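Subject: Handover of a structure with a ligand

Dear colleague,

Please find below the structure that I am handing over to you. I should be grateful if you would look through it alongside the notes that follow.

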Amino acid sequence: MKLKKNLEELQEMCKRVRRHIIEMTGAAKSGHPGGSLSAVEILVTLFFDIMKHDPANPQWPDRDRFILSKGHGCPVLYAVMAECGYTPVDQLKTLRKLGSPYQGHPDKRFIPALEASTGSLGQGLSLALGMGCAARLDGKPWRTYVVLGDGEIQEGQIWETAMFGAYHKVDNVVAIVDYNRIQLDGWVKDIMEVEPLVPKWQSFGWHVIELDGHNIPALQAAFAEAEAIKGKPVAIIAHTVKGKGVSFMENNPKFHGVAPTPDEVQVALKELQ
Ligand SMILES: Cc1ncc(C[n+]2csc(CCOP(=O)(O)OP(=O)(O)O)c2C)c(N)n1
């Protein structure tokens, strides 16, 4: 099944998810708000419009798979999964507390509906392509989506896997790079530039789509284009803004791994009304 919403409902859901991210990280006094806020439209479009899945039956064998390879961005994943009905919305503010399902990185032991535990950067693309190969071997139609960070793709394992995916023509996998241009301790270009990103993925044999990662119709069109591509995996280079939606967080490297203060939470929530 698909949890279909219209554009206005998807945009409203993005606001709700952003408010959750602020409240969760604010309550935890830690966590990663910036890279969660940049990926909101990507995850909301996937979970509420594109992927076939069933929150009432998380282990449905033919579900599409989702992996948040940049696992530190889990507040956005937790908020979206909770809004879908996989996990309790009213416990989101227990983020990072002992005993909470919402640990600092996604952990299958606490949320069985997750496809994988992630957080050690660089590994999710390998998992996704493995899942893609498994679906193909089993003759199954389900697809796999994986979200990568732009800092994350500095990891060597990403490029080993990129070669693997193209060589084995794994055309049921879509990798989305959340290209917010900021990593843990500053701008990607000042630490280890990843440009030219589009020709780089193309030269590894991938079909590449470049878009504004906050534009839901563009994301919908890209996922439809990806489904029609045969013989190649697809990389979506999604230009995003780290901290998107909150004025003082946007493009501010500080909010990679720093939570908003109680006063900042109030300002942010007002902006996200
Ligand atoms: C293998 C590994 N090395 C280091 C880290 C610590 N770490 C957490 S987030 C991060 C930066 C990631 O940057 P990016 O992928 O651009 O994430 P985003 O800006 O989207 O949050 C690092 C280095 C990690 N989680 N895993």
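**The ligand and its surroundings**

In this predicted model, a polar side-chain atom of Asn180 is placed 3.0 Å from an oxygen atom of the ligand. His72 also approaches a ligand oxygen atom through a polar side-chain atom, here at 2.7 Å. Gly119 contributes a backbone N or O atom instead, which lies 2.8 Å from a nitrogen atom of the ligand. How much of the ligand's exposed area does the protein bury? The ligand taken alone exposes 600 Å², and 77% of this is buried by the protein. As for its location, the ligand occupies the largest pocket.

The ligand is surrounded by 17 residues, of which Lys70, His72, Asp150, Ile182 and Lys242 come nearest. Sorted by class, this shell comprises 9 polar, 5 charged and 3 nonpolar residues. His72 therefore appears both among the nearest residues and, under the 3.5 Å limit for a polar contact, as a partner of a ligand oxygen atom at 2.7 Å.

**From the ligand shell to His256**

Lys242, one of the residues that come nearest to the ligand, has a further partner within the protein: its side chain and that of His256 are joined by a polar contact of 2.8 Å. His256 belongs to the loop that runs between β7 (234-239) and α10 (262-271). Is His256 buried or exposed? His256 counts as buried, because its relative accessibility of 10% falls under the 20% cut-off.

**Backbone geometry in the loops**

Three loop positions deserve a note on their backbone. The peptide bond between Glu195 and Pro196 is cis, with omega about -5°. Pro196 is found in the loop that links α7 (188-192) to α8 (197-203).

Which sign does phi take at Lys29? The value is positive, near 60°, in a residue other than glycine. Lys29 is situated in the loop between α1 (7-28) and α2 (34-37). With a relative accessible area of 68%, Lys29 is exposed, since the cut-off for that class is over 50%.

Lys169, likewise not a glycine, has a positive phi of about 50°. The loop that holds Lys169 lies between α6 (156-167) and β3 (173-179). Its relative accessible area of 48% makes Lys169 partly exposed, because partly exposed covers the range between 20% and 50%.

**Two buried positions in helices**

Thr45 is part of helix α3 (residues 40-50). What does the side chain of Thr45 reach? It reaches the backbone oxygen of Glu41, at a distance of 2.7 Å. Thr45 is buried, its relative accessible area being 0%.

Cys74 is located in helix α4 (residues 74-84). A relative accessible area of 1% places Cys74 among buried residues. Along the chain, Cys74 and Glu23 are 51 residues apart, and their C-alpha atoms are separated by 14 Å.

For your own review, the contacts of the ligand with His72, Gly119 and Asn180 may serve as a starting point, followed by the contact between Lys242 and His256.

With kind regards

Terms used: Residues are numbered from 1 along each chain as its sequence is written. This is a predicted model: local features need pLDDT of at least 70, side-chain atom pairs count only at pLDDT 80 or more; totals for chains, interfaces and linings use all residues. Side-chain values use heavy atoms; hydrogens and water are left out. A residue is near a molecule or strand if one of its heavy atoms lies within 4 Å of it. A polar contact is a pair of N or O atoms within 3.5 Å; within protein, one must be able to donate a hydrogen and the other to accept it, and residues adjacent in sequence count only if both atoms are side-chain atoms. Accessible areas come from the Shrake-Rupley method with a 1.4 Å probe; for residues, only the protein chains shown count as cover. On a 1 Å grid over the protein atoms alone, a cavity is a set of points where a 1.4 Å probe fits but cannot get out, and a pocket is an open set with protein on both sides within 12 Å along at least five of seven lines; lining residues have an atom within 4 Å of a point. A molecule sits in a cavity or pocket if more than half of its atoms lie within 2 Å of its grid points. Ala, Val, Leu, Ile, Met, Phe, Trp, Tyr, Cys and Pro count as nonpolar, Asp, Glu, Lys and Arg as charged, and the others, Gly among them, as polar. Helices (H or I, at least four residues) and strands (E, at least two) are DSSP runs, numbered from the N terminus. Buried means under 20% relative accessible area, exposed over 50%, partly exposed in between (1.4 Å probe, protein chains only).
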